[in-house]
Amino acid sequence: VDGTTPANIGPSTSGRALSQQALQQATTPSGQTVDLSPGSSPTIDGVTFTLPPRNPDGTDNVMADGQTIPLPAPVLAGQVDLLATSTCGGTATELNLAANIKLSMSYADGNVRSARLPSVPDWTDSPPPPGTSGITLAATTAYVDGKTAAKDTTAQGRIYHLSLPNTRSDSPITAVTLPNLGSTFTDQCTTPTLHVFTIATS
């Protein structure tokens, strides 16, 4: 929140964070304004997401660590969609790591299949070129909050839409398991950290 001392968006020593106010007025690549703040329901690339409200401790995203997240109800879908970003560098910083970043889909019949996640840039780096498979820039914020709670207009925060095809149409998806990047969750940036803000299906 602007004017208050921010928590780091993730493990880093920068002290910078996404601004709630800037997220409310984020800009899509087409120049449209979209609300990506906690509790909003934006439509990105034709997919409607529901971002959960901020928790009492101020957290509003999940740092991927192999968690299994049940869907609200089993659903037949063509793909699984995430709004996400990365800190401590992009997820492709280490080639061996990038090749093994996968999201698993669990089905009602008990089977599990995995899909490789596209490489996600660091949250303040330039986005991948348009047309990159599986990832599009959802929106950009005009500024980030610095560690002194002041607006830092020298950097912009970026959130991405990740789309992973579901290769099965005969059984509903019941849950997704996030990748484990081996993030240390300390103040030192030793490994990229994938932040997931919300999950949808389409």
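**Questions on a predicted model**

Visitor: Why is Asp45 called exposed?

Guide: In this predicted model, Asp45 has a relative accessible area of 52%, and since exposed is the word for values over 50%, Asp45 is therefore called exposed. The residue is placed in the loop between β3 (43–44) and β4 (47–48).

Visitor: What makes the backbone at Asp45 worth pointing out?

Guide: Asp45 is not a glycine, and still its phi is positive, at about 55°. Cys88 is another case, since a residue other than glycine here has a positive phi near 60°.

Visitor: Is Cys88 buried or exposed, and how do you know?

Guide: The relative accessible area of Cys88 is 16%, and buried means under 20%, so Cys88 is buried. Its place in the chain is the loop between β7 and α2 (95–98).

Visitor: What makes Pro192 count as buried, and where does this residue lie?

Guide: Pro192 has a relative accessibility of 2%, which is set against the cut-off of under 20%, and therefore Pro192 counts as buried. The residue lies in the loop between β14 and β15. Ser86 is 106 residues away from Pro192 along the chain, and yet the C-alpha atoms of the two are separated by 6.6 Å.

Visitor: How much of the chain is buried, and how many helices and strands does the chain have?

Guide: Of the 202 residues in the chain, 46% are buried, and the chain has two helices and 15 strands. When contacts between residues at least 6 apart in sequence are considered, 70% of them join residues at least 24 apart.

Visitor: What makes a group of residues a nonpolar core, and which residues have the most contacts inside the largest one?

Guide: The name requires buried residues of certain kinds, Leu and Met among them, joined through side-chain atoms within 4.5 Å. The largest such core has 24 residues, and those with the most contacts inside it are Leu82, Leu103, Met105, Leu162, Leu164 and Leu194. At least two residues of this core come from each of β7 (79–87), β8 (102–107), β10 (135–140), β13 (158–165), β14 (173–177) and β15 (193–201). Another core lies apart from the largest one, with 18 residues that include Leu23, Leu36, Ala138 and Ala200.

Visitor: Which residues are in contact with Leu194, once its neighbours within four places in sequence are left aside?

Guide: Contact means heavy atoms within 4.5 Å, and with those neighbours left aside, the residues in contact with Leu194 are Val62, Met63, Ala64, Ala84, Thr85, Thr91, Leu117, Val120, Pro179 and Leu181.

Visitor: Why are β6 and β9 said to stand at the edges of their sheet?

Guide: The sheet is open and formed by four strands in the order β6-β14-β8-β9, with antiparallel pairing. β6 (68–75) and β9 (112–116) each have a single partner strand, so one side of each is left without a neighbour in the sheet. On average, and with direction ignored, neighbouring strands of this sheet are turned by 25° against each other.

Visitor: How do you know that β8 and β9 pair, and what joins β14 to β6 and β8?

Guide: Strands pair if there are at least two bridges between them, and β8 and β9 have five bridges in the antiparallel sense, so the two strands pair. In this pair, Leu103 stands opposite Ala115 in β9. β6 and β14 run antiparallel and are joined by four bridges, and the partner of Val75 in β14 is Ile173. Four bridges also join β8 to β14, again antiparallel, and there Ser104 stands opposite Thr177 in β14.

Visitor: What makes β14 mostly covered?

Guide: Four of the five residues of β14 are buried.

Visitor: What makes an empty space a cavity, and which residues line the largest one?

Guide: A space is called a cavity where a 1.4 Å probe fits but cannot get out. The structure holds one cavity of 30 Å³ or more, and the largest cavity has a volume of about 30 Å³. Its lining consists of Leu23, Leu36, Ser37, Pro38, Leu51, Pro52, Asp60 and Phe197.

Visitor: What is the volume of the second largest pocket, and which residues are closest to its centre?

Guide: The second largest pocket has a volume of about 360 Å³. It is lined by 23 residues, and Thr50, Pro52, Ile69, Thr198 and Ile199 are the closest to its centre. The elements that give two or more residues to this lining are β6 and β15.

Definitions and conventions. Residues are numbered from 1 along each chain as its sequence is written. This is a predicted model: local features need pLDDT of at least 70, side-chain atom pairs count only at pLDDT 80 or more; totals for chains, interfaces and linings use all residues. Side-chain values use heavy atoms; hydrogens and water are left out. Buried means under 20% relative accessible area, exposed over 50%, partly exposed in between (1.4 Å probe, protein chains only). Axes are lines fitted to C-alpha atoms, for helices over the stretch in contact, and angles run from 0 to 180 degrees between N-to-C directions. On a 1 Å grid over the protein atoms alone, a cavity is a set of points where a 1.4 Å probe fits but cannot get out, and a pocket is an open set with protein on both sides within 12 Å along at least five of seven lines; lining residues have an atom within 4 Å of a point. Grid points are joined across faces, edges and corners, and a volume is the space filled by probe spheres set on the points.
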